[in-house]
Amino acid sequence: MAGLEGKVALVTGAGGMRGVGRATALKLAGQGADIVLTDVHREAHDLPPGEVRADWRGIDTVAEEIGALDRRCLPLYCDLGEPDQIQRMVEQAVDHFGHIDILVNNARAIIGRDKVPVTDLPQEVWDHFLAINTTAVFVCTKFVGQEMVRRGAGGRIINIASNAAKQASAMGAAYSASKFAVLGLTQASAMDLAPHKITVNAVCPGPINTDRLSYWERDRADEEGISLEQFRGQIVERAGMASPLGRIAEPEDVANMVAFLASDDAAFITGQAYNVNGGLLFH
Ligand SMILES: NC(=O)c1ccc[n+]([C@@H]2O[C@H](COP(=O)([O-])OP(=O)(O)OC[C@H]3O[C@@H](n4cnc5c(N)ncnc54)[C@H](O)[C@@H]3O)[C@@H](O)[C@H]2O)c1
């Protein structure tokens, strides 16, 4: 795989200790890219218990890890629900590094409040999911895409979607709709940006062994009188048994696909949506 020396990658939702964003940032840095890390400031009650225990400092800690790889890194806090903040974040990244070559739209709304039948889904939950999972992907694509076009050196935009972008499930209306929309955005952006040698692709993971916070999982764990981590462990084990390859994805499985799509080897691939799901879904 071609190296990424001299490239700058911007990764959203990059602060989670066991998240796809951190794994992706470390993978791209390991291949030589300098990194812009961005995330929202999260209150302690919105953090996975493991991060609280570890005194994890989100993108500031990840920035130290990237520094240890001898890559340059700029951590920037930004609420992706605020388009003005996104525009400012992109400006700061370009002021600092001069260019952005790779954009990874990885962040998503904290899950759990969406996990109800569509008839019970509060409008504000729907609006929040569409704002963070879809509109923010559009706004990041727009402002980073403008910079890539201005520079004229091509680029890579990689949107982290989901199995749920191809097949919905019960109690998943907001999440699935937000992720289906990302695939439409991926295809349309790919066509708009192809003349500028900017490719746009999506990655569709099945379940991933992250410690993502889910309000729904936390409530069920409380009801069962077990810790969130025990409850999560049960989900990971059951999902692994249901997977043809006998496990669910690790964050690094997703990061590996992102790194390939970011590389020169993927120069002729655009508008696609690649599954990373251990054989759970085929289309
Ligand atoms: N975890 C899974 O099982 C799974 C499965 C399929 C797809 N995915 C997708 O993979 C990607 C990463 O998943 P994960 O589990 O690592 O994520 P996660 O849920 O742990 O974290 C997502 C990140 O988004 C950030 N975020 C939330 N609200 C934000 C806001 N308003 N502004 C800016 N950032 C905000 C969070 O702080 C966090 O860093 C997501 O796009 C997700 O939809 C995850």
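In the predicted model, a polar side-chain atom of R42 lies 3.0 Å from an oxygen atom of the ligand. A second polar side-chain approach to a ligand oxygen atom is made by D39, at 2.7 Å. The backbone also takes part: an N or O atom of the main chain of I208 is placed 2.9 Å from an oxygen atom of the ligand. The ligand is surrounded by 24 residues, of which D39, L80, N106, R108 and Y175 come nearest.

D39 is also the last residue of strand β2, which spans residues 34-39. This strand is mostly covered, with six of its six residues buried. Its side chains are divided between two directions: D34, V36 and T38 point one way, whereas I35, L37 and D39 point the other way. Residues of both sets are buried. Strand β2 has pairing partners in β1 and β3. With β1 (residues 8-12), the pairing is parallel and runs over five bridges; within this pair, V11 has L37 as its bridge partner in β2. With β3 (residues 73-77), β2 again pairs in the parallel sense, over five bridges, and here V36 stands opposite L74.

The connection from β1 to β2 involves helix α1 (residues 20-30), and the three elements make a right-handed β-α-β unit. Helix α1 is mostly covered, eight of its 11 residues being buried. The buried positions are V20, G21, R22, A23, T24, A25, L28 and A29. Elements that cover these buried residues include both strands of the unit, β1 and β2, together with α3, β4 and α9. Just after α1, G32 adopts a positive phi of about 110°.

The largest nonpolar core has 33 residues, and within it L28, I35, L37, I102, I158 and V203 touch the most other members. At least two residues of this core are supplied by each of β1, α1, β2, α3 (59-68), β4 (102-105), β5 (155-160) and α9 (251-262). The greatest contribution is that of α9, which gives six residues. Among the highly connected members, I158 is in contact with I102, L103, V104 and N105, as well as with N201, V203, V258, L261 and A262, when its neighbours within four places in sequence are left aside. A second core, separate from this one, comprises 27 residues, including F97, I100, A136 and V144.

Two further positions were examined individually. T210 is located in the loop between β6 (198-205) and α7 (215-224). Despite this loop position, T210 counts as buried because its relative accessibility is 8%, below the cut-off of 20%. Not counting residues up to four places away in sequence, T210 touches R18, G19, V20, R232 and P251. Of these contacts, V20 belongs to the buried set of α1, and P251 falls within the range of α9 (251-262).

F260 is placed in helix α9. This residue has a relative accessible area of 27% and is therefore partly exposed, since the value lies between the limits of 20% and 50%. The C-alpha atom of F260 is separated by 23 Å from that of K142, and the two residues are 118 residues apart along the chain.

Definitions and conventions
Residues are numbered from 1 along each chain as its sequence is written. This is a predicted model: local features need pLDDT of at least 70, side-chain atom pairs count only at pLDDT 80 or more; totals for chains, interfaces and linings use all residues. Side-chain values use heavy atoms; hydrogens and water are left out. Buried means under 20% relative accessible area, exposed over 50%, partly exposed in between (1.4 Å probe, protein chains only). Helices (H or I, at least four residues) and strands (E, at least two) are DSSP runs, numbered from the N terminus. Two strands pair if DSSP finds at least two bridges between them. A crossover is right-handed if, with the strands pointing away from the viewer, the path from the first strand over the helix to the second runs clockwise. Contact means heavy atoms within 4.5 Å. A nonpolar core is a set of buried Ala, Val, Leu, Ile, Met, Phe, Trp, Tyr and Cys residues joined through side-chain atoms within 4.5 Å. A residue is near a molecule or strand if one of its heavy atoms lies within 4 Å of it. A polar contact is a pair of N or O atoms within 3.5 Å; within protein, one must be able to donate a hydrogen and the other to accept it, and residues adjacent in sequence count only if both atoms are side-chain atoms.
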